[in-house]
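Good morning, colleagues. Please take a moment to look at the sequence and the model on the screen before I begin.

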Amino acid sequence: LAKDGGKHSTAVYEASLHSAALERLQLRADLQRALDVGELVLHFQPTITLGPGEDTAPTVHGFEALVRWQHPERGLLAPYHFIPLAEDSGLIVPLGTWVLQEACRAAVALQQPGRPHVAMSVNVAVAQLAAPGFVELVQAALADSGLAPQQLVLEITETAVLAGADVVAPLLAQLRAMGIRIAIDDFGTGYSSLSYLRDLPVDILKVDKSFVDHVVGDEQGASLAEAIIAMGQSLHLTTVAEGVEDRDQADWLTSAGATYGQGYLWSRPVPLVQAAALLSARAEAVRTS
Ligand code: C2E
Ligand code: MG
Ligand code: MG
Ligand code: MG
C-alpha cells in the first residue's frame with residue numbers, strides 16, 4: 001500500500017512538474033512574442049534629492065526605468081513574473097536592449113528646455129554585460145536617442161557583479177570612461193565581502209529597501225543603515241535609499257546623509273506622461289514659491 005501511495009504521489013508530483021514546465025514554456029513563447037509585437041512597457045519611478053524643503057517641493061533628480069509586460073490575458077505583469085524566466089532563457093539580452101533604447105528615448109522626451117538634466121537609471125542583468133558588444137550597444141542607444149552619457153546610470157546588482165567580477169570590472173571601467181555612472185543595486189543583500197568596492201569602478205550605492213524598512217524604531221536597523229550611508233560618504237559614493245514609504249523614514253535618511261530617496265512616499269513607478277507631470281509639478285512649485 002505504502003509503495004502504491006508512493007507511486008501515486010510521484011505521479012501527481014510529476015504531473016504538476018509537467019504542467020509547471022508547460023506553463024514556463026508557454027510564458028517563454030509568449031515573452032518572445034511580447035518582444036516582437038511590443039507588449040513590454042516601461043514605467044518610471046522618480047529619485048528625489050534629500051535635503052531641506054524636500055517635504056514641501058520634492059526635487060526630482062531622475063528616474064529609474066522599470067519594465068512591465070502588458071500581457072493580453074494576464075494584464076499588467078510585474079518584472080517578478082517574467083524577469084527570472086527571461087534570465088533563464090537568454091531572452092533577457094534582447095529584452096534588456098529594448099529597455100535600454102526605450103529608457104534613453106524617454107529621458108530625452110522628459111528633458112525640457114531650461115530645466116536641469118534628468119538622470120535615467122536602467123537595470124542591467126549580468127548576461128547583458130557578458131554578451132559581446134554591450135559597450136557598443138550602449139553607445140548606439142545614446143547616439144540614436146541623443147542622450148548625454150552623463151545622464152545615464154546603469155544599475156547592476158551586487159550578486160551580478162560578483163558572479164562575473166573578472167568580466168564585469170573592465171566593462172564598467174569602459175562605460176564609466178564614457179561618462180556613464182554605475183550603481184550597485186540592492187546594496188547590502190549580496191552577503192558579499194565589501195572589498196569589491198575597492199576594485200570596481202562604481203559611483204552609486206542603492207541601499208536596499210530591507211535596510212530602509214528598519215531605520216525607524218529599530219536601534220540595530222538604524223545603526224546598520226547609518227553605517228552603510230557613512231561608508232558610502234567616505235568612499236565618495238552617492239547613496240540612494242530604496243523603498244522609502246513614509247515621512248519618518250525620509251527624515252531619518254536625510255539626517256543620516258543619504259543623497260537621494262526613491263519610494264512610494266513620493267511616487268510609485270508611473271507611465272511616461274505621469275513622469276513628465278511630476279517634473280512639471282516640481283517646476284511649478286519652484287516658480288510660485
Ligand atoms: P529594483 O531595481 O531594486 O527596483 C526597485 C523595485 O522596488 C521596483 O519593483 C519598485 O517598484 C519597487 N519599489 C520602489 N519603491 C517602493 C516602495 O516604497 N515600497 C515597495 N514595496 N516597493 C517599492 P519592480 O518594478 O517590481 O521591479 C522589481 C525588480 O525587477 C527590480 O528591482 C529589478 O531588479 C528588476 N527589473 C525591473 N525592470 C528591469 C529591467 O528592465 N531589466 C532587468 N534586468 N531587471 C529589471
Ligand atoms: Mg534597480
Ligand atoms: Mg534596487
Ligand atoms: Mg531592490
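Does D185 count as buried or exposed? At 6% relative accessibility, D185 counts as buried, since the limit for that class is under 20%. I should state at once that this is a predicted model.

Let me turn to the metal site. The magnesium ion designated ligand 3 is coordinated by D185 (OD), D186 (OD) and E242 (OE), at 1.7 to 2.7 Å. Along the sequence, the donor residues of this magnesium ion (ligand 3) follow the spacing D-D-x55-E. D185 lies in strand β6, residues 181-187, while E242 sits in the loop between β8 (238-241) and α11 (247-256), so the pair ties together parts that are 57 residues apart in sequence. E242 is likewise classed as buried, with a relative accessible area of 12%. A second magnesium ion, ligand 2, must also be mentioned: the two ions, ligand 3 and ligand 2, are 3.6 Å apart, and D185 coordinates both.

I now come to the open spaces. About 1,100 Å³ of space lies in the largest pocket. Of the 39 residues that line the largest pocket, those closest to its centre are E64, L66, P79, N123 and D185. D185 therefore appears in two roles here, as a buried residue and as one of those closest to the centre of the largest pocket. Several elements give two or more residues to this lining, including β1 (40-49), α3 (92-110), α6 (158-163) and β6. The largest share, five residues, comes from β2. By class, the lining of the largest pocket divides into 18 nonpolar, 10 polar and 11 charged residues.

The second largest pocket holds about 250 Å³ of space. Its lining consists of 14 residues, and V60, R115, P116, L279 and R282 lie nearest its centre. The elements that give two or more residues to this lining are β2 and α12 (272-288), and α12 gives the most, with four residues. Seven nonpolar, five polar and two charged residues make up the lining of the second largest pocket.

What of enclosed space? How many cavities of 30 Å³ or more does the structure hold? There is one, and the largest cavity has a volume of about 120 Å³. It is lined by 16 residues, and T47, H61, S121, I204 and V240 are the closest to its centre. Strands β2 (60-71), β4 (119-123), β5 (152-157), β6, β7 (204-207) and β8 each give two or more residues to the lining of this cavity. That lining divides into eight nonpolar, five polar and three charged residues.

Finally, I would draw attention to D203. This residue lies in the loop between α8 (196-199) and β7. D203 is buried, with a relative accessible area of 16%. Which backbone nitrogen lies 2.8 Å from a polar atom of the D203 side chain? That nitrogen belongs to I182. Leaving aside its neighbours within four places in sequence, D203 is in contact with R176, I180, R181, I182, L237 and T238.

To close, I return to the metal site: D185 coordinates both magnesium ions, ligand 3 and ligand 2, and E242, one of the donors to ligand 3, is buried. Thank you for your attention.

Methods:
Residues numbered from 1 in each chain as written. Chains lettered and ligands numbered in written order. Predicted model: local features only at pLDDT ≥ 70, side-chain atom pairs only at ≥ 80, totals over all residues. Heavy atoms only, no water. Donors = N, O, S within 2.8 Å, 3.2 Å for Na, K, Ca; no water. Buried < 20%, exposed > 50% of the residue type's maximum accessible area, 1.4 Å probe, protein only. 1 Å grid on protein atoms, 1.4 Å probe; cavity = no way out; pocket = protein on both sides within 12 Å on 5 of 7 lines; lining within 4 Å. Points joined across faces, edges and corners; volume = space filled by probe spheres on them. Nonpolar A, V, L, I, M, F, W, Y, C, P; charged D, E, K, R; others polar. Polar contact = N/O pair within 3.5 Å; in protein donor to acceptor, adjacent residues only side chain to side chain. Contact = heavy atoms within 4.5 Å.
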